[in-house]
Amino acid sequence: QVQLVESGGGLVQPGGSLTLSCAASGSIFSIDAMAWSRPAPGNERELVAVATGGGTTNYADSVKGRFTISRDNDNKTVSLKMTSLKPEDTAVYYCNANIRTGRWNYPKNHWGQGTQVTVSS
């Protein structure tokens, strides 16, 4: 059983900062990519930021220069530091990770329950 638990959401004023955290636990052999997503128009999810197992990071154009993703492989956590927040950043942010539960298992995508971020004055 694998669990992802997010924390750090809340209410922040425009221009403010917030850091989200996500911790993976359970039967984990290794973790490939870890990422943060949020809902997008059309009932899809927008990939906000991703950090690969090799350390490469990528960001949605809408958050480049404002958000920073980082991961701690020893503690199986990933964080998203959000700065210069805008009202349009308001959303439920979901953590997801590609996790192997055994050496010979294919990685499976797991999702957290989400954490609400509200940017408002």
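This is a short walk through one predicted protein model, from its confidence to its core and then to a few single residues.

Let's start with confidence. The mean pLDDT of the protein is 95. Of its residues, 100% reach 70 or more. Where is confidence lowest, and where is it highest? The lowest is in strand S5, residues 44-51, with a mean of 94. The highest is in strand S8, residues 77-82, at 98. A general caution goes with such numbers: where pLDDT is low, the predicted coordinates should not be read in detail.

Now the core. In soluble globular proteins, nonpolar side chains tend to be buried together. Here, the largest nonpolar core has 29 residues. Six residues have the most contacts inside it: Trp 36, Phe 67, Leu 80, Met 82, Tyr 93 and Ile 99. Which strands feed this core with at least two residues each? Take them in chain order: S1 (2-7), S3 (18-26), S4, S5, S7 (67-72), S8, S9 (91-100) and S11 (115-119). S9 gives the most, with five residues.

A word on rings. How many aromatic pairs does the structure hold? Zero. But rings do meet a charge. The charged end of Arg 45 sits over the ring of Tyr 94, 3.8 Å from its centre. That charged end also sits over the ring of Trp 111, at 4.4 Å from the ring centre. Keep Arg 45, Tyr 94 and Trp 111 in mind for the next residue.

That residue is Ser 37. Look for it in strand S4, residues 30-40. Is Ser 37 buried or exposed? Buried: its relative accessible area is 4%, and the cut-off for buried is under 20%. Now leave aside neighbours within four places in sequence. Ser 37 is then in contact with Arg 45, Glu 46, Leu 47 and Val 48, among others. Its contacts also include Val 92, Tyr 93 and Tyr 94. Asn 96 and Trp 111 are on the list too. So Arg 45, Tyr 94 and Trp 111 each touch this buried serine.

Next, Asn 96. Its place is in strand S9. Asn 96 is buried as well, at 9% relative accessible area. What does its side chain join to? Asn 109, through a polar contact of 3.0 Å between the two side chains. Beyond its sequence neighbours within four places, Asn 96 is in contact with Leu 4 and with the run Ala 33, Met 34, Ala 35, Trp 36 and Ser 37. Asn 109, His 110 and Trp 111 are in contact with Asn 96 too.

Let's move to the loops. Most residues other than glycine have a negative phi. Two residues here go the other way. Lys 76 has a positive phi of about 60° and is not a glycine. Lys 76 lies in the loop between S7 and S8. Lys 76 is partly exposed, with 29% relative accessible area. Asn 73 is in the loop between S7 and S8 as well. It is partly exposed, at 46%. The C-alpha atoms of Asn 73 and Ala 33 are 11 Å apart, with their places 40 residues apart along the chain.

The other positive phi belongs to Ser 84, at about 50°. Ser 84 is in the loop between S8 and S9. It is partly exposed, with a relative accessible area of 41%. What does Ser 84 touch, not counting residues up to four places away in sequence? Gly 15, Gly 16, Ser 17, Arg 66 and Asp 89. Leu 18 is 66 residues away from Ser 84 along the chain, yet their C-alpha atoms are separated by 9.3 Å.

Two more stops, both in strands. Thr 118 is found in strand S11. It counts as partly exposed, at 26% relative accessibility. Past its neighbours up to four places away in sequence, Thr 118 touches Gly 10, Leu 11, Val 12 and Thr 90. Lys 86 is 32 residues from Thr 118 in sequence, and 9.3 Å away in space, C-alpha to C-alpha.

Last, Gly 26, in strand S3. Buried or exposed? Exposed, because its relative accessible area is 53% and the cut-off is over 50%. The C-alpha atoms of Gly 26 and Thr 101 are 8.8 Å apart, though the two residues are 75 residues apart along the chain.

To sum up: there is a 29-residue nonpolar core, S9 gives the most to it, and Arg 45 sits with its charged end over the rings of Tyr 94 and Trp 111.

Note on methods. Residues are numbered from 1 along each chain as its sequence is written. This is a predicted model: local features need pLDDT of at least 70, side-chain atom pairs count only at pLDDT 80 or more; totals for chains, interfaces and linings use all residues. Side-chain values use heavy atoms; hydrogens and water are left out. Helices (H or I, at least four residues) and strands (E, at least two) are DSSP runs, numbered from the N terminus. Buried means under 20% relative accessible area, exposed over 50%, partly exposed in between (1.4 Å probe, protein chains only). Contact means heavy atoms within 4.5 Å. pLDDT is the predictor's confidence in each residue, from 0 to 100. A nonpolar core is a set of buried Ala, Val, Leu, Ile, Met, Phe, Trp, Tyr and Cys residues joined through side-chain atoms within 4.5 Å. Rings of Phe, Tyr and Trp (its six-membered ring) pair if their centres lie within 6.5 Å; planes under 30 degrees apart count as stacked, over 60 as edge-to-face and the rest as tilted. A charge sits over a ring if NZ of Lys or CZ of Arg is within 6 Å of the ring centre and within 35 degrees of the ring normal. A polar contact is a pair of N or O atoms within 3.5 Å; within protein, one must be able to donate a hydrogen and the other to accept it, and residues adjacent in sequence count only if both atoms are side-chain atoms.
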